[in-house]
Amino acid sequence: MGRHLVWPDLLNARDLGGFAAGSGKRTVMRRVVRADNLNKLAPSGVAALIAYGVRTVIDLRDPRELVKFPNPLAATPPAGVTFMSVPLISEVEWEAARDPARRAEGYVLTARLSHANIARAIAAVSDASAGGVVIHCHAGKERTGIVAALLLSLAGAPDETVAADWVASDEYLQPLYEEWLAGETDHAIRAKRAEGFITHAEHILDVLSFVRREHGDVDGYLVAGGLTVDQLGRVRRRLLSSGG
């Protein structure tokens, strides 16, 4: 079974199982799925999500996005599926991002200023009830990618694996990029915007370097953000244990 999941009408739904995680272990399929915005799911996509064993959905979008792009499933969840709103970006980061100099920090700005929010997202994965978990934002690329990267690192996946998963979104999001570019008729502007969509491995590797430099490792970063040691153990078991 491949990691890319065909759930109409999603583009970027991918299982975090099947990755080598050190000491001969591999992450387990059907435990955690990363995805783009579930408000786009067709009825057949909802059926596929449920059939895949998903029982918890963690929405990383901002409250303002929830108003603009509401997810009807969250209002009337399918039986047995829990929806959680866990915004990844803090208000402090939204304010700092207005400064071009701060935006130049890239995703390290998120790791620094949305530290507690990131820890809450990982805690939500740890504390979820039995069954599969989906984490998603809008495109399932950046905010979701940061959480996925930290989860894979917690599981013991090497940095090159984390980076490969980070950049893989571009392969699946081309239709969305074309939609975003459709109204731009100036070829130079269109080319510049298209270049901005390209995902680079160093962006997430910079985040991991910051985490290790400031906190020693991913465990230390998440504990400093509010996770307990018990929660760290539970999230690892969810990702790695074949029995739970």
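## A tour of charged side chains

Start by selecting R238, which sits in helix α15, spanning residues 229–240. Keep in mind as you look around that this is a predicted model.

Now show the surroundings of R238. Setting aside neighbours within four places in sequence, R238 is in contact with R31, V32, V125, S126, A128, S129, G131 and V133. Which side chain of opposite charge is nearest to R238? Select D127: it is 7.9 Å away, and R238 is buried yet has no salt bridge. A salt bridge here needs a side-chain nitrogen within 4 Å of a carboxyl oxygen, so a distance of that kind does not qualify.

Elsewhere there is plenty to click on, with 17 salt bridges counted. Go next to E65 and R143, whose closest N and O atoms are 2.6 Å apart in a salt bridge. This pair links distant parts of the chain: E65 belongs to helix α2 (residues 63–68) and R143 to helix α8 (residues 143–155), 78 residues apart. Are these partners buried or exposed? Both E65 and R143 are buried.

For another setting, select R112 and E105, which meet in a salt bridge at 3.5 Å, N to O. R112 is partly exposed, at 39% relative accessibility, and E105 is partly exposed too, at 27%.

Then move to K141 and D170, a salt bridge with its closest N and O atoms 3.5 Å apart. K141 lies in the loop between β5 (132–136) and α8, and D170 in helix α10 (residues 169–172), so the pair ties together parts 29 residues apart in sequence. K141 counts as buried at 9% relative accessibility, as does D170 at 12%.

Finish with R14, R34 and D165, joined into one network by salt bridges that share partners.

Methods: Residues numbered from 1 in each chain as written. Predicted model: local features only at pLDDT ≥ 70, side-chain atom pairs only at ≥ 80, totals over all residues. Heavy atoms only, no water. Helix = DSSP H or I, 4+ residues; strand = E, 2+ residues; numbered from the N terminus. Buried < 20%, exposed > 50% of the residue type's maximum accessible area, 1.4 Å probe, protein only. Lys, Arg positive; Asp, Glu negative; His and termini not counted. Contact = heavy atoms within 4.5 Å.
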